[in-house]
Structure formats: C-alpha cells, structure tokens
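Me: I'd like to learn how to read cross-links, charged pairs and strand pairing off a model. Can you walk me through one?

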Amino acid sequence: MEETEREALYSAIQGFVGSRWDGRNLYPDPCGWTPMQGVSCDVFEGLWYVTVVNIGPVLDNSLECSREAAFSPQLFELKRLRSLSFFRCFTSLNQTTTLSQEWRKLSGSLETLEFRSNDGLTGAIPVNLALLSNLQSLVLVENSLTGELPQELGNLVRLKRLSLAGNRLSGQLPASLGDNLAELLILDLSGNSLTGSLPSSIGGMSSLLKLDLSNNHLNGELPWELGKLKNLTLLDLRNNSLSGATRSLGDMVSIRYMLLSDNPLGGSLMQLGLRNLRSLTTLDLSNTGLIGGIPEYITGLRRLRFIALDDNNLTGSVSKKFQELSGLAALYLNDNNLTGELEFSDEFYGRMGSRFAAWNNPNLCCRFQYGRQVLPGVQRCKN
C-alpha cells in the first residue's frame, strides 16, 4: 500500500471519529493483517487501495463519528474509492455539516454514496454531485436536507437507485430525471415537501421497479405516461393531492403494489381499468373520491391479498366472490354507500377477523349462521 494512500485513510477517518483516534498504531496494515471495520480494499497493479468506507454504528466494533465529525480533504484523495456510506454520523444540530465537498475528485471511481439518519446534515443537495459520472446508487435518507432537487441529477445516467426520502426537500420533480435515467430501478422521494405535478417524462424511466413519491404535496393530474412503466412492481403515491383517474394505470402489467390512498383521484374503478393487473397483491384506494360500483373484475385478480376501498362514495352491492380469493387477508369497504346483503360465509368472516370492515354503509346488511354476532357497524338483514 502506498504511504500516501495509508495516510489519506488515517486522516479521513480521524476527521470523522475524532483527533484522539490513533489509527497508525491501531491499524498499521489496514488492508492486511490489521483490518479496519467498515473499510475494504482491493489490489490494483500490485498495490492495496481503499475501495469502501462505511462510518456509523452498524456493528459493535464499527467506526463511530464524534460530535465534531467533519470531512477531511484527504478523504477525496482515495482515488480508488467505490463506496462511501455514513450512518448516524452528523447528528449534532449545534454543529451542522453540508454536502458541499470536493466530489469532483471522486468522479472517476465512486459508485455508491449514502448518508442515512444524519440530523445534522443540512443545506441543499450540491450540483457537483452530478459530476460523479460512475455513480450507481445515491441514497440521502432521513437527513435534514433542504432546497430543490438539482436538475443536474439527471446527468447521472448510470444511476440504478436514487433515494432521497425523509428530508425537507421542496420544489418540483425535475423533468431531467425521466429524460435521462433510463437505467434507474428505484426512485424514492417520499416524506418531503415536493410540489407541482408529475412530469410526463416520468414514462422515460423504463427500467423502474419501485416508484415512491408518497407523503409530499404533489398535485395535478396523473400523467398517462405512467402506463409506460411496464416493469414497475411498486407505485406509492399516497398522501398527496393528485387527481385524475387514468386508464393507463392498467398498463402497468408487472405491478404488485398500487398505493394511491389519500388523493382526490375521483372517477370510478371501471375508469381505472385494472382488470389486466394479474400480479397485483396490494390495492390501496382508500379516500380517493371514487364513485360507482365495485366491478366484478376485481374479484378475478387472484393474487390480491390486501384491498382498501374505504372512505369513498362507492355504491351498489358487494360480490360474494371476494371470498374466493384464497390469499385475501384484508378487505376494507367501510365509509361508502354500498347497499344490499353481504353474502359471505362464516368461514370468510372468521378468516378475516378485524381485517374486514364494512361499517358506515347505511343500506348494507348481513346475516350470520349459527347465531353469530352481527358485524360491527353493519345492521342485520331483516328478511
């Protein structure tokens, strides 16, 4: 190992864990017979180089940051560094840290950059992160980051994962993400304060498996381009102000989890056109302003395990074919205007227990065999 590489490592770690840390004596051969927890190395042209640095209380003997943790310039001299991760490192709100660092120096090597649960990590996401041209995973989760998403993030064309959840980010979703990130597999921007509508370019992220934009302040109509996401398995848009039930949702042929609750979507289940979603296991459409009846095709989606249609304006009867869904574990129909008789068997009610709800449907009734009690909030049929 080159002496400059070793000294850069010692200085970088010391900047995070404190000046009393004596790495030179504790770990005289950090890539060999005295390995350092959280640090990994590889051989290049006959010499050891640091490729991974993980800081934070993950294991009992992990390197942990001091209250005065700070970036050392020597960190950016580790020219073969591929993965850099910080967990609960910058936690002091009295001494905050920003992401404005010399990321350009790692542009040729860094593939993974993660900051998780750092309350003291503040400020905006710097534009120069977009210089990390080899980056495949950018995870900045549960920090105190603010400001808008830089459109330059769209330059990270090799990204497979972009997770910025649980910060204080604002502004709109940049169209550049959809225009350029065709290899992106996971996009998680949940738990921020993002506003505006979803850009039509979102359909350009053709490889996407997971899209989570829940718990923001997004509005406007759902773009029909969502239907282009043929590989998507999870769509989570809960707790926004999105509207416009679009039939293109029915084109997401790989979808397993569709979570749209607490949005004023409006329209009907027939308009959503979900009949071809044969892989669907979870459907959450509670409090979405739905009207009309529950179409029979819902009971034909045989993999469904969770159905939430509560807090809407649904009308008509409830098909007894729901009980034929062998994997169904939860069915919520409460707070609608459903009518008629619930014709489910005692076995179905016993299997569902409290995970079946139908209260607050004034003209809905049920009858039980073997003298069982009526369902909570549902009247007994009179005839």
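Reply: Sure, we'll take disulfides, then salt bridges, then a sheet. Keep in mind that this is a predicted model.

Me: How many disulfides are there, and how do the cysteines pair up?

Reply: The idea is to look for two cysteine sulfurs within 2.5 Å of each other. Here that gives three disulfides. If you number the bonded cysteines in sequence order, the pairing reads 1-2, 3-4, 5-6.

Me: What does the link between C31 and C41 look like?

Reply: The sulfurs of C31 and C41 sit 1.9 Å apart. The torsion about that S-S bond is about -65°, so the link is left-handed. As for location, C31 is in the loop between α2 (23–26) and β1 (39–44), while C41 is in strand β1 itself, 10 residues apart. C31 and C41 are both buried.

Me: And C65 with C89, which hand does that one have?

Reply: Left-handed, with -75° about the S-S bond. The S to S distance for C65 and C89 is 1.7 Å. C65 belongs to the loop between β2 (47–55) and β3 (83–87), and C89 to the loop between β3 and β4 (97–98), so the bond ties together parts 24 residues apart in sequence. Both ends count as buried because C65 has a relative accessibility of 18% and C89 one of 2%.

Me: Which hand does the link of C365 and C381 have?

Reply: This one is right-handed, at 90° about the S-S bond, with sulfurs 2.0 Å apart. C365 is in strand β23 (residues 363–366) and C381 is in the segment after β24, so parts 16 residues apart get tied together. C365 is buried at 15%, and C381 is buried at 10%.

Me: Why does C366 not bond to C381?

Reply: Check the distance. The closest cysteine sulfur to that of C366 is in C381, but they are 6.2 Å apart, so that's too far for a bond. C366 is also buried, with a relative accessible area of 0%.

Me: On to charges. How many salt bridges does a search of the whole structure find?

Reply: The search turns up 12. One of them pairs E102 with R104, whose closest N and O atoms are 3.6 Å apart. E102 is partly exposed at 40%, and R104 is partly exposed at 48%.

Me: Is E114, the partner of R116, buried or partly exposed?

Reply: E114 is buried, at 16% relative accessible area, whereas R116 is partly exposed at 27%. Their closest N and O atoms are 3.2 Å apart.

Me: Which salt bridge links distant parts of the chain?

Reply: Try K321 and E296, with 3.4 Å between the closest N and O atoms. K321 is in the loop between β19 (313–316) and β20 (330–332), and E296 is in the loop between β17 (291–292) and β18 (306–308), 25 residues apart. K321 is partly exposed at 39%, as is E296 at 41%.

Me: Last one: in what order do the five strands of the open sheet run?

Reply: In general, strands of a sheet pair through backbone hydrogen bonds, in a parallel or antiparallel way. Here the order is β17-β19-β21-β23-β24, with parallel pairing. The edges are β17 and β24 (379–380), each pairing on one side only. Looking inside, β19 is joined by two bridges to β21 (residues 337–342), and these run parallel. To find the register, note that T315 stands opposite N337 in β21.

How values were computed. Residues are numbered from 1 along each chain as its sequence is written. This is a predicted model: local features need pLDDT of at least 70, side-chain atom pairs count only at pLDDT 80 or more; totals for chains, interfaces and linings use all residues. Side-chain values use heavy atoms; hydrogens and water are left out. A salt bridge is a side-chain nitrogen of Lys or Arg within 4 Å of a carboxyl oxygen of Asp or Glu. Buried means under 20% relative accessible area, exposed over 50%, partly exposed in between (1.4 Å probe, protein chains only). Helices (H or I, at least four residues) and strands (E, at least two) are DSSP runs, numbered from the N terminus. Two strands pair if DSSP finds at least two bridges between them.
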